[in-house]
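Trainee: Please take me closely through one part of this model, namely how its strands are arranged, and then through the details around it that deserve a careful look.

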Amino acid sequence: MLIPVDQTAGCGSAESSEGIRSVSQARQDILAAIRPVTATEKLALRAALDRVLAEAITSPVDVPGHTNSAMDGYAVASSQLAADGTTTLSVIGTAYAGRPLATQPGAGECIRIMTGAPMPPGTDTVIMQEQVTLLDEQRITIGTGHCPGQNVRQAGEDIPRGSQVLASGHTLRAADLGLLASLGIAEINVRRRPRVAFFSTGDELRSIGETLGEGDIYDSNRYSLYGMLRRLNMDIIDMGVVRDDPVALREAFRDATRQADVVVTSGGVSVGEADYIKPVLDEIGEINFWKIAMKPGRPLTFGNLGDTLFFGLPGNPVAVMVSFYQFVQPALQYLASGRQDPPLCFNARCTEPLRKRPGRTEYLRGILEPDQAGDWQVRIAGRQGSGILSSMSRANCFIVLAEDDGDVHPGDPVRVQPFAGLI
Ligand code: AMP
Ligand code: MG
């Protein structure tokens, strides 16, 4: 499924003279190394929520299936309506949704009709009940100003039979399940979900429930990774914590690559530690150790271990999430669907001054909220150290300051990237 990483990618060809790679360059190189999943499976409609369509869906029927009334009122033949002055008609029956009336009204006649009822033969127009005068039980009077065809939904006006309703590669949302149900489709072919194995590396890491020794910390990255991978609806394999030990690491990587399409690890790739993990990775794959012109998340390890794609994310809890959002998320989306949708980004007014060093992309944790006029404004969610997860938890967006950007002054527009369901 995966093709080998372009070997030129890690050799300086696309890097600046300092060996630093931009976020967009790294993202492009990653996407270029991925071949989307092609295997499919057939699922019942409900089970296909959040799954990727493996085929285009064309409608086997017209929607609506029959021409019907959009209002409660009276079905008439428009030829019966006087061009000027009023028209008086006799009501000869009632058509209900689910109980059509096959009677064709003659001259001077009409049919009482309810919303959703098929139009009786010979009728083409519905007069809303609020717009008629009841003369007695059987007769109504209609004024002027009505248009032929009004208040009628034509068969196939939403979806004509044979037309494409959803493209292959589309991720099914709630409206799509409803749409497919409206076509009477019970089962659909979807792509297999990518299988993603992940583990944390570090001798200081303990799992929840274990006793913390001197200098130990709880492993939090595996939980944020779990959350983000679940949100992407990946098939996940949690491999726990692996110690900073070449034998244990080698065994973990071999185990992960046997089972998964993608392996994501955190920790062990920052300066100094990379020396440690590098020999293990070089033995089993082709791996690039990149420095990305970004903050947080400067070190990023990416490549392939045989047929398995590998992301080595930094260890700091916020850096791991920022790197995931900027690199792993688009990669997994492409792997799962073959699509490269741009992230949701827009401008908001920044209410605070921000210091920004040109030459790198900075991702600040922000709180996006409407101002009094209902326009979006953004402020900082708290301290921005790459280990400070509490401000990440408070934030609902990244403030993205581009490589060339300098300091931001209060009132300036800034680019924001809402977490949009992922975090
Ligand atoms: P490293 O990239 O392994 O040098 O880790 C950088 C920092 O992140 C260190 O302070 C680590 O203790 C911390 N860290 C690494 N992995 C985790 C993890 N899974 N959970 C919480 N903190 C971590
Ligand atoms: Mg470490």
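Mentor: Let us begin inside the sheet, where strands β19 and β21 (residues 299–305) run antiparallel and are joined by 6 bridges; two strands count as paired if DSSP finds at least two bridges between them, and the strands themselves are DSSP runs of E of at least two residues, just as helices are runs of H or I of at least four, both numbered from the N terminus. Before going further, note that this is a predicted model, in which local features need pLDDT of at least 70 and side-chain atom pairs count only at pLDDT 80 or more, while totals for chains, interfaces and linings use all residues, and side-chain values use heavy atoms, with hydrogens and water left out. Residues are numbered from 1 along each chain as its sequence is written, and chains are lettered from A and ligands numbered from 1 in the order in which they are written.

Within the pairing of β19 with β21, Phe-289 has Thr-301 of β21 standing opposite. Thr-301 also has a bridge partner in β22, namely Gly-312, and this contact belongs to the antiparallel pairing of β21 with β22, which has 5 bridges. Thr-301 can therefore serve as a reference point when you step across the strands, since strands of a sheet pair through backbone hydrogen bonds, either parallel or antiparallel. On the other flank of β19 (residues 286–292) the sense changes, for strand β1 (residues 20–21) pairs with β19 in parallel over 2 bridges, and there Ile-20 faces Lys-291 of β19.

Put together, these pairings are part of an open sheet of 7 strands with mixed pairing, whose order is β1-β19-β21-β22-β18-β14-β17. The edges are formed by β1 and β17 (235–242), each of which pairs on one side only.

Strand β22 offers a side-chain detail as well. Thr-308 lies in β22, which spans residues 308–313, and with a relative accessibility of 4% Thr-308 counts as buried (buried is under 20% relative accessible area, exposed is over 50% and partly exposed lies in between, for a 1.4 Å probe and protein chains only). The Thr-308 side chain comes to 3.1 Å from the backbone oxygen of Ala-260, a polar contact in the sense of a pair of N or O atoms within 3.5 Å, where within protein one must be able to donate a hydrogen and the other to accept it, and residues adjacent in sequence count only if both atoms are side-chain atoms.

The loops that lead into some of these strands also repay attention. Ahead of β21, Pro-296 sits in the loop that follows β20 (294–295), and its peptide bond with Lys-295 is cis, with omega about -5 degrees. Ahead of β14 (195–201), Pro-194 occupies the loop that comes after β13 (187–191); Pro-194 is buried at 1% relative accessibility, and its C-alpha atom is separated by 7.1 Å from that of Val-37, although the two residues are 157 residues apart along the chain. Ahead of the edge strand β17, Asn-233 is placed in the loop after α3 (221–231), and its phi is positive, near 60 degrees, in a residue other than glycine.

Similar backbone features turn up elsewhere in the chain. A cis peptide bond leads from Val-63 to Pro-64, with omega near -10 degrees, and Pro-64 is in the loop between β3 (57–58) and β4 (68–69). Asp-50, also not a glycine, has a positive phi of about 70 degrees; Asp-50 lies in the loop between β2 (40–44) and β3 and is partly exposed, at 42% relative accessible area.

Finally, the cysteines. The structure has 0 disulfides, a disulfide being a pair of cysteine sulfur atoms within 2.5 Å. For Cys-147, which is in no disulfide, the nearest cysteine sulfur belongs to Cys-110 and is 18 Å away, and Cys-147 is partly exposed, with a relative accessible area of 46%. Cys-397 is buried, with a relative accessible area of 0%, and its sulfur is too far for a bond because the closest cysteine sulfur, in Cys-350, is 9.7 Å away.
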